[in-house]
Amino acid sequence: MPRDLDPRLLRAFVAVADELHFTRAAARLYVAQQALSRDIRRLERELGAELFVRTTRQVTLTGDGERLLPYARGVLQAQDELLAAASGASRPLLVDLNTEGMASGRVLARARELAPDCELMARFQSGLTGAAAEIVAGRLDVSFGRLAGLEPAVRALLSHQPVRFEPMAVLLPHDHPLAGRERIPLNALAGETVYAGAGNPATLEWTDLARRLFAGRGITIAPPAPVAIGFEEFRRVMAKTRTPVLAVVDFPAVPDTVLRPIVDPVPLSPVSMVWRKGIVHPGVDALRAAAADLAGQEGWLERDANAWLPEGDMSLMGDNN
């Protein structure tokens, strides 16, 4: 057993373990596939253990590989913390806002005021499931969304801070029979088919929340459809399909539609700020301070006793770490 291991070899191992595909892992690391294969073989020789089972059809972890993986992640996380502490604010912080015009954008704007020397770069991943995978992989730093919708193994790699209980709404074609109401009682959606991101792997947490909300109420989730990327494409698809869309009250305006809050009860979308555990960056501190400031000023974490929220979400929103 070697006394020292090259962190580059561990990074190669983690990339292949995440992707279970050498070509994708090589692309993620910006190296040639042959070089990646050499690094994995070298690591296996140094450890005296086979880490992957390779066939023409698939790549899987061996038992030794599964045992090594959490330790390899820990070593790389420690290295990232060391480098982040050394670099301070010199590295841009990549912040996913999900969609333009949302509460997360206000948090980012306030953080930029609090830390003007930090470079906080906005990104738009569209869903926390997709963003969390990018955070774990080191390609993104911070995102916002429904923490309870993530797999426990992913949540274990993230830190989080509750930001807002955001009231939910429905986006309707302007001439929909319900469009004339100022508020939409939840039971008025019975018989409707509502789009909630089904089939989009980046928004699984949102589809799961919709499924819980609609259960037993006669509301159908629209079947999977090609994902519209970008606001204009979303507007075009909505105009074509005329399907109501489950949204939140801050969802940006879409031409020829109306946004109506849902009531009786008011369903809440629990929004947390999430970031990779162990990351050290003044931009994260600024974002956390900004989120706490806005939440306190505007009552973002207050909720009516009659509001709707899954029990598991409530327990996680109270678990701040």
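Helices, taken as H or I runs of at least four residues, and strands, taken as E runs of at least two, are DSSP runs numbered from the N terminus. The structure described here is a predicted model, and the elements named below follow that numbering.

The largest pocket of the model has a volume of about 1200 Å³. Its lining is made up of 45 residues, of which Asn98, Thr99, Ser126, Phe234 and Phe251 are the closest to the centre of the pocket. Several elements of secondary structure each supply at least two residues of this lining, namely the helices H5 (103–114), H8 (204–214) and H9 (231–241), together with the strands E5 (142–145), E10 (245–248) and E12 (268–276). The largest share, 5 residues, comes from H9. When the lining residues are sorted by class, 27 are nonpolar, 14 are polar and 4 are charged.

Asparagine 98, one of the residues closest to the centre of the largest pocket, also has a notable backbone geometry. Although asparagine 98 is not a glycine, its phi is positive, at about 75°, and the residue is found in the loop between strand E3 (93–96) and H5. A second positive phi in a residue other than glycine is that of aspartate 264, where the value is near 55°. Aspartate 264 lies in the loop between E11 and E12, and the peptide bond that leads from aspartate 264 to proline 265 is cis, with omega near 0°. Proline 265 is likewise found in the loop that connects strand E11 (257–263) with E12.

Two helix pairs in the N-terminal part of the numbering involve helix H3 (residues 33–47). The axes of helix H1 (residues 7–19) and H3 come within 9 Å and cross at roughly 110°, an angle that lies in the range of 65 to 115 degrees and therefore makes H1 roughly perpendicular to H3. The crossing in which H1 passes H3 is left-handed. On the H1 side, the contact is formed by Arg8, Leu9, Leu10, Ala12, Phe13 and Val16, which meet Leu36, Asp39, Ile40, Arg42, Leu43 and Glu46 of H3. The residues of this contact comprise 8 nonpolar and 4 charged residues, with no polar ones.

For helix H2 (residues 22–29) and H3, the axes come within 9 Å and cross at roughly 100°, so that H2 is roughly perpendicular to H3. Here Phe22, Thr23, Ala25, Ala26 and Leu29 of H2 meet Gln33, Leu36, Ser37 and Ile40 of H3. By class, the contact of H2 with H3 has 6 nonpolar and 3 polar residues, and no charged residues. Leu36 and Ile40 of H3 are thus listed in the contact with H1 and also in the contact with H2.

Helix H5, which contributes to the lining of the largest pocket, packs in addition against helix H10 (residues 282–298), at an angle of about 120° and with the two axes 8 Å apart. H5 and H10 are therefore oblique to each other, and their crossing is right-handed. The contact is made on the H5 side by Arg106, Val107, Leu108, Arg110, Ala111 and Leu114, and on the H10 side by Ala286, Leu287, Ala289, Ala290, Ala291, Asp293, Leu294, Gln297 and Glu298. In the contact of H5 with H10, 10 residues are nonpolar, 1 is polar and 4 are charged.

Key: Residues are numbered from 1 along each chain as its sequence is written. This is a predicted model: local features need pLDDT of at least 70, side-chain atom pairs count only at pLDDT 80 or more; totals for chains, interfaces and linings use all residues. Side-chain values use heavy atoms; hydrogens and water are left out. On a 1 Å grid over the protein atoms alone, a cavity is a set of points where a 1.4 Å probe fits but cannot get out, and a pocket is an open set with protein on both sides within 12 Å along at least five of seven lines; lining residues have an atom within 4 Å of a point. Grid points are joined across faces, edges and corners, and a volume is the space filled by probe spheres set on the points. Ala, Val, Leu, Ile, Met, Phe, Trp, Tyr, Cys and Pro count as nonpolar, Asp, Glu, Lys and Arg as charged, and the others, Gly among them, as polar. Axes are lines fitted to C-alpha atoms, for helices over the stretch in contact, and angles run from 0 to 180 degrees between N-to-C directions. Angles under 35 degrees count as roughly parallel, over 145 as roughly antiparallel, 65 to 115 as roughly perpendicular and the rest as oblique. A crossing is left-handed if the near helix is turned anticlockwise from the far one by less than a right angle, and right-handed if clockwise. Contact means heavy atoms within 4.5 Å.
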